[in-house]
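Good morning, colleagues. Please take a moment to look at the sequence and the fold on the screen.

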Amino acid sequence: MGRSPPWTRYVITRTLLVAVGATPAGDTEETTMTDTTDITATTPITATDADRTLKAKHRAMWAMGDYPDVAARLIPELGPVLVTAAGIRPGDRVLDVAAGTGNVAVPAARAGADVVASDLTPELFDAGRASAERAGVAVQWQEGDAEALPFGDDTFDAVLSCVGVMFAPHHQLAADELVRVCRPGGRIGLISWTPTGFIGDLFRTMKPYMPPPPPGAQPPPLWGDEEHVRTLLGDRVTDVETRTRTVTVTAFESPETFRAYWRETYGPTIVAYRNVADDPKRTAALDRDIAAVAARHDRGTGTTVMDWEYLLLTARVTA
Ligand SMILES: C[S@@+](CC[C@H](N)C(=O)[O-])C[C@H]1O[C@@H](n2cnc3c(N)ncnc32)[C@H](O)[C@@H]1O
């Protein structure tokens, strides 16, 4: 599927989305051919006005707050974990998809790879450039949608994404793109938050407060479900290896401190608060619910200690 003509891919994807009737909560609902997206057999989803509007909203969301601080303060160890798991070597051509500030791109470059960092939100690149400069490495930064990557077929030896591609709303399109730009025999490496872990819990908790998602958009933590990702990648990959791990977050004194930080810095949470801003009761409920998520996952005494679960998946593109 990854190497078939684009119109074929879009027909297949469209059919799949309608059949699944997926919603961001993972629920199923009746989805009809009269939904709001304008998709025909020859129109890629990413070329529709509805999709451009959706991606513009996503870009604005990830540019809100201070995602560079989240990446640097809470999950800096995940990039090196993925670089090691994917066996990145000097001279490898590596693509970091939905790279943000280069959590993967910078350690991959430190490992000697020739790295492109691509993301929907170029507002994050300045922090990435500063990080690369501090590390003394060169990274190429390229704006791009994970569902329509601006690279040719078979361009990279390794295509990696750390809690990134999972946020593209059309999972099959994004998976097809990962495979397409990776050369036969090359590696795909992904870290994704699981539905059962902390971030999965947080997204489920925030859902009733968020603006309703458009038809066809799928929930990000599904990428943390091994079977889901195996289905997305299909027989176009071999040697699939998965491990469920956790990253321990100790940066907060209490669940309330976590809530206050998250409310100020993390785009999706900021959007949830803005959506209920004119309703003090719902805002207070959201406050309570987010602190409760942190409390549920806190195993600390005195300060907060949380283990955030993720799925680490590596695979090889069929030669
Ligand atoms: C949680 S951040 C992860 C960033 C980085 N990989 C890291 O480990 O810190 C999610 C990233 O996905 C990007 N993103 C969301 N939707 C995207 C899309 N459709 N295409 C490319 N990037 C996207 C956001 O801009 C954001 O940088």
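I shall speak about the sheet, one crossover and one pair of helices.

This is a predicted model, in which local features need pLDDT of at least 70, side-chain atom pairs count only at pLDDT 80 or more, and totals for chains, interfaces and linings use all residues. Residues are numbered from 1 along each chain as its sequence is written.

I begin with the sheet. It is open and mixed, with 7 strands in the order β3-β2-β1-β4-β5-β7-β6. Strands here are DSSP runs of E with at least two residues, and helices are runs of H or I with at least four, numbered from the N terminus; two strands pair if DSSP finds at least two bridges between them. β3 and β6 (237–249) are the edge strands, each with a single partner, so one side of each lacks a neighbour in the sheet.

At one of these edges, β2 (residues 114–119) and β3 (residues 140–143) pair in the parallel sense over 4 bridges. Between β2 and β3 the chain passes through helix α6 (residues 125–135), and this β-α-β crossover is right-handed: with the strands pointing away from the viewer, the path from the first strand over the helix to the second runs clockwise. Among the bridge partners, V116 is matched with Q140 of β3, and S118 with Q142.

How do helices α8 and α12 pack? Helix α8 (residues 198–206) and helix α12 (residues 280–296) make an angle of about 160 degrees, with their axes 10 Å apart. Axes are lines fitted to C-alpha atoms, for helices over the stretch in contact, and angles run from 0 to 180 degrees between N-to-C directions. The two helices are therefore roughly antiparallel, a term for angles over 145 degrees.

Methods
Angles under 35 degrees count as roughly parallel, over 145 as roughly antiparallel, 65 to 115 as roughly perpendicular and the rest as oblique.
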